[in-house]
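Work through the exercises below with the sequence and the structure at hand. Each task is followed by a solution in steps.

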Amino acid sequence: MDLIEPMRHALTLGRRGLGRCWPNPAVGCVIMSGGRIVGRGWTQPGGRPHAETIALDQAGAHARGATAFVTLEPCSHTGQTAPCASALIAAGVARVVCAAGDPDPRVAGRGLAMLRAAGIEVIEGVLGDQAADDHAGFLSRVTRGRPMVTLKLATSVDGRIATVSGESRWITGAAARRTVHRLRMTHDAVLIGGGTARADDPMLDIRDMGDVEQPVRVIMARQAGLSRDGRLARSAHRIPLWLMHGDDIEDLDEWHALGARTFGVPIRDDRLDAAVALQTLGAAGLTRVLCEGGGALAASLLRAGLVDRLVVFGAGIAIGADGQPALGALGVRHLGAAPRFTLNRVARVGDDVMQVWSRPAP
């Protein structure tokens, strides 16, 4: 039996859950019997039901003697649902093909061990690198205690995000902006700094993409001064809004009344400690965070080594040295100390160019 195509299909299914099922992983599952698919599923919004449960329900009696392809090791612990490993055993599958192991201490090999103990053949590592990339956010939260961070930049050809007067709409074109909305769909949260919140009054929601799960909007703002009359505040009752704040914000009760959730973060080098802030977001369940600015926040994340992926949209427009730079000061005196990333992909998006970069593995 070909193992690659069914696993590729399972991975494609799993991606449908990205941005919708945190804190759980976005798993895909395909069940094959007699050379045809008899069941398929992916992790549902909120993390339940799990992919295996949905696929087994579809397969019914056809699951007996079948092969199940799963993108992450089936869970072995009882939470709000029974273990998926137990469900696969009870359904009578003959073989489980697994793309990647689950480092969660409650699983960490136990799921596969349960299957083998029940006499089920287990094959590991099929499209494992692709699965690790798809599950990067979940894996980061489990192993590092923080979500995966994607930094999005939309700049002129000379690296500026606004003119000297602050005008920035629009440097990139409509196609690039639509791609950003698709990026938001694959992340649990969108993160900005207090300066961007005050200057742009953004919504940070997903628009014109149908009825979709909206990401959590996160603002990192040390000081007071955020408007409670702005669009973020006015929509907090229907789209989640989280405020990461320092110790000098006095209007937390008003934010709570609006529906916002607040988190205190210690100050380091006169700024909110970005590492602690991300650990806090990880503890709250987030696995994938898309940072959309501004330059000071982006620089603080880069300085702390907290950016895992870069998505850069470049427009064919020149603004000049008096424009606002995409990044704040990094304090780089020697090139060897500069953050470096590996180029993964370049694509034309309308009249703009999109580059996708990733931090090299240590």
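**Exercise 1.** Decide whether Asn 344 is buried, partly exposed or exposed, and describe its surroundings.

Solution.
- Step 1. The model is a predicted one, and in it Asn 344 has a relative accessible area of 47%.
- Step 2. Buried means under 20% and exposed means over 50%, so Asn 344 counts as partly exposed.
- Step 3. Asn 344 belongs to strand E17, which covers residues 342–349.
- Step 4. With neighbours within four places in sequence set aside, Asn 344 has contacts to Val 356, Trp 357 and Ser 358.
- Step 5. Leu 310 is 34 residues from Asn 344 in sequence, while the C-alpha to C-alpha separation is 9.8 Å.

**Exercise 2.** Find the residues of H4 that are buried, and state how they are arranged around the helix.

Solution.
- Step 1. The buried residues in H4 are Gly 111, Leu 112 and Leu 115.
- Step 2. Viewed down the axis of H4, the buried residues fall within an arc of 95°, so they line one face of the helix.
- Step 3. The cover over the buried residues of H4 includes H3, E4 and strand E5 (121–124).
- Step 4. After H4 comes Gly 119, which has a positive phi, near 90°.

**Exercise 3.** Place Leu 115 in the largest nonpolar core.

Solution.
- Step 1. The largest nonpolar core has 39 residues, and those that touch the most other members are Met 7, Ile 31, Val 96 and Leu 115.
- Step 2. Elements that give two or more residues to this core include helix H1 (4–14), strand E1 (28–33), helix H3 (84–91), strand E4 (95–98) and helix H4 (110–117).
- Step 3. Beyond neighbours within four places in sequence, Leu 115 is in contact with Pro 74, Ala 85, Leu 88, Ile 89, Val 96, Ile 120 and Val 122.
- Step 4. A second core, separate from this one, has 30 residues, among them Ala 189, Ala 274, Leu 301 and Phe 341.

**Exercise 4.** Describe the largest pocket: its volume, its centre and its lining.

Solution.
- Step 1. The space in the largest pocket is about 1,400 Å³.
- Step 2. The lining has 49 residues, and the closest to the centre of the pocket are Thr 196, Asp 200, Glu 292, Gly 293 and Gly 294.
- Step 3. Elements that each supply at least two lining residues include helix H7 (174–185), helix H8 (194–200) and helix H12 (295–303), as well as strand E6 (148–155).
- Step 4. Sorted by class, the lining comprises 21 nonpolar, 14 polar and 14 charged residues.

Key. Residues are numbered from 1 along each chain as its sequence is written. This is a predicted model: local features need pLDDT of at least 70, side-chain atom pairs count only at pLDDT 80 or more; totals for chains, interfaces and linings use all residues. Side-chain values use heavy atoms; hydrogens and water are left out. A nonpolar core is a set of buried Ala, Val, Leu, Ile, Met, Phe, Trp, Tyr and Cys residues joined through side-chain atoms within 4.5 Å. Buried means under 20% relative accessible area, exposed over 50%, partly exposed in between (1.4 Å probe, protein chains only). Helices (H or I, at least four residues) and strands (E, at least two) are DSSP runs, numbered from the N terminus. Contact means heavy atoms within 4.5 Å. The arc is that of the directions from the helix axis to the C-beta atoms. On a 1 Å grid over the protein atoms alone, a cavity is a set of points where a 1.4 Å probe fits but cannot get out, and a pocket is an open set with protein on both sides within 12 Å along at least five of seven lines; lining residues have an atom within 4 Å of a point. Grid points are joined across faces, edges and corners, and a volume is the space filled by probe spheres set on the points. Ala, Val, Leu, Ile, Met, Phe, Trp, Tyr, Cys and Pro count as nonpolar, Asp, Glu, Lys and Arg as charged, and the others, Gly among them, as polar.
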